[in-house]
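Could you take me on a walk through this structure, one selection at a time? I have it open in my viewer and would like to know what to click on next and what I will find there.

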Amino acid sequence: MTTIGLKGVDGYRVQVEVQTTCGMEAFKIVGLPDTSVRESKQRVSAALHSLENYLVDQKTIVNLSPSEQKKNGPFFDLPIAIGILKSMNVIEAQIDSNTGFIGALSLEGAVLAVEGMLPAILAAKRIGLSILYMPYSDSLPALEIEGLEIIYISSIQQVLKHLSGKSIPIIRGIQKPNIQKIYHDKDFSSIIGHQEAKRALEVSAAGEHQVFMVGPPGSGKSMLAETLPSILPPLSREAQLEKISLYELAGLDYSDSCLPPIRAPHHSASSVSIVGGGQSPKPGEISLAHLGVLFLDEIAEFSKKTLDMLRQPIESGVITISRVRTIVKYPAAFLLIGAMNPCPCGYEGSTTHYCTCSSKQVQLYRNKLSGPMRDRFDINLTIKPVIISRENSSVEEASESIRKRVTAARDRQYERYGQDITNNRVSFELLIQSGTLPNQIQEFLQRVTIKNKWSSRAQIKILRLARTISDLKGIEKITEDCILEAINLHQLYNKGNITT
């Protein structure tokens with residue numbers, strides 16, 4: 001019998017081999033089963049007993065192959081039961097190796113839904129299964145996967161009937177209406193002022209560039225970050241299923257929605273809850289923010305260890321969790337927005353409040369964010385409070401119109417690179433090979449970099465930003481104006497010290 005094993009969101013083929021012989025009654029499962037898999041013995045025995053198929057005076061050995069991979073979860077109840085019935089010649093029909101079974105069993109023989117079914121279904125398609133028997137769950141989205149026939153069953157009896165050629169009730173996923181209108185709770189039209197910050201967030205959304213904001217309390221940092229998802233392109237159907245898979249593996253409620261996720265963990269959250277892991281590794285906040293936004297407010301209050309653990313997934317878009325017996329990978333292609341006050345009291349440099357912090361306190365506060373982590377941000381913003389008055393109360397641009405520009409810019413990137421990848425995630429080699437950087441512009445950037453003693457990483461980030469700005473403008477070549485705007489965005493926190 002064939003079933004699916006999971007390592008994170010990645011699945012692999014598991015072959016269930018069963019041998020039943022006469023002898024001293026025994027039931028043994030081998031192949032690195034964990035506790036939940038070993039407990040299948042009791043569930044399967046009781047379920048088969050309810051079908052009047054007894055394992056009395058029989059020695060039953062179940063082998064889960066490949067034996068070097070640790071098996072976990074109750075996925076294997078149904079394939080083990082089918083394998084035993086096949087070994088006992090209760091099932092006479094031939095079962096193809098590309099026919100899979102997943103599901104837990106009740107003591108009466110009902111097939112029950114389990115956590116992680118959606119990633120298992122997607123894995124079944126990837127490994128080449130053509131038929132999949134599984135329990136139906138209202139929580140699953142409607143699935144129509146080309147090349148994979150999903151047969152929903154509610155009991156072992158239904159599986160046996162279907163395998164023998166008899167008809168069973170057909171259950172289909174509930175088709176939810178395709179709602180074209182995209183609705184967000186927050187919109188840029190409700191944010192007064194902050195034109196420079198809005199432009200920076202538009203560039204960030206178009207190229208998936210990380211953003212760092214510094215400003216006093218109440219200046220609008222959180223409002224800007226929480227509104228950013230409203231200008232991100234809607235998720236494709238494949239991306240939606242990937243998002244739902246991660247939420248299901250984390251044991252959290254999810255919505256079958258095309259809206260990109262936003263996660264805003266509190267600074268008291270543990271490293272495991274943010275990065276992922278645990279004794280049985282589960283996705284953390286960075287994976288739940290996959291294809292969306294991870295907002296770290298008061299980023300300086302997060303532990304230095306936790307922040308430094310974000311450096312690798314920011315670059316690669318994947319988090320790797322290593323354990324003694326297994327290595328699990330979860331996608332983590334998130335857009336990071338970090339925000340902090342300029343000093344412990346929050347009012348350093350303010351013209352309306354008196355700062356009570358000494359220069360040493362300010363420096364210690366800023367040093368909470370390590371240099372390597374600080375260097376991961378592409379766009380640096382200083383956010384200042386906006387004075388609401390009649391002069392600046394004009395109608396602001398809505399998120400919908402900004403989102404159209406962002407989507408068009410991303411489409412240009414996808415077409416240029418031949419894959420769904422943005423300027424901030426494409427390899428530097430491919431970025432250069434695209435041939436959109438004139439020699440005189442490259443020489444200009446090198447001169448500015450040398451004068452300001454910027455690192456090679458800063459130069460590459462400016463180049464990526466300039467490429468995104470040109471995509472937003474709809475031009476193929478990177479111009480000097482694009483480079484200057486990119487420099488301004490990257491060095492905005494230290495704007496007065498730029499030499500061109």
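Start with strand β16, residues 327-331. β16 gives three residues to the lining of the second largest pocket, the largest share from any element. Keep in mind as you go that you are looking at a predicted model.

**The second largest pocket.** This pocket has a volume of about 740 Å³. Now select Leu6, Asp34, Asn72, Ser280 and Pro281: of the 27 lining residues, these are the closest to the pocket's centre. Add β1 (2-7) to your selection too, since β1 and β16 are the elements that give two or more residues to this lining. If you colour the lining by class, you should find ten nonpolar, nine polar and eight charged residues.

**The largest pocket.** Next, select Ser236, Glu238, Ala239, Glu242 and Leu291, which lie nearest the centre of the largest pocket. Its lining has 41 residues, and its volume is about 1,200 Å³. Three elements give two or more residues to this lining: α4 (117-126), α8 (237-249) and α15 (399-417). Which of them gives the largest share? Select α8 to see: six of the lining residues come from this helix. Colouring by class here shows 21 nonpolar, eight polar and twelve charged residues.

**A strand with two partners.** Move on to strand β8, residues 131-135. Is β8 mostly covered or mostly uncovered? Four of its five residues are buried, so "mostly covered" fits. Now show β5 (residues 99-101), which pairs with β8 in the parallel sense over three bridges. Then show β9 (residues 149-153), which also pairs with β8 in the parallel sense, over five bridges. Ile131 is a handy landmark in β8: Thr99 stands opposite this residue, and Ile131 also stands opposite Glu149 in β9.

**Into the cores.** Select Leu78, Ile80, Ile121, Met134, Ile286 and Leu310, the residues with the most contacts inside the largest nonpolar core, which has 86 residues. You have already met the element that gives the most to this core: α4, with seven residues. Zoom in on Leu310 and look for its contacts beyond its neighbours within four places in sequence; they are Ile274, Val275, Ile286, Leu296 and Met373.

For your last stop, select Ala206, Ile441, Ile469 and Ala486. These residues belong to a second, separate core of 49 residues.

Key
Residues numbered from 1 in each chain as written. Predicted model: local features only at pLDDT ≥ 70, side-chain atom pairs only at ≥ 80, totals over all residues. Heavy atoms only, no water. 1 Å grid on protein atoms, 1.4 Å probe; cavity = no way out; pocket = protein on both sides within 12 Å on 5 of 7 lines; lining within 4 Å. Points joined across faces, edges and corners; volume = space filled by probe spheres on them. Nonpolar A, V, L, I, M, F, W, Y, C, P; charged D, E, K, R; others polar. Buried < 20%, exposed > 50% of the residue type's maximum accessible area, 1.4 Å probe, protein only. Pairing = 2+ DSSP bridges. Core = buried A, V, L, I, M, F, W, Y, C linked by side-chain atoms within 4.5 Å. Contact = heavy atoms within 4.5 Å.
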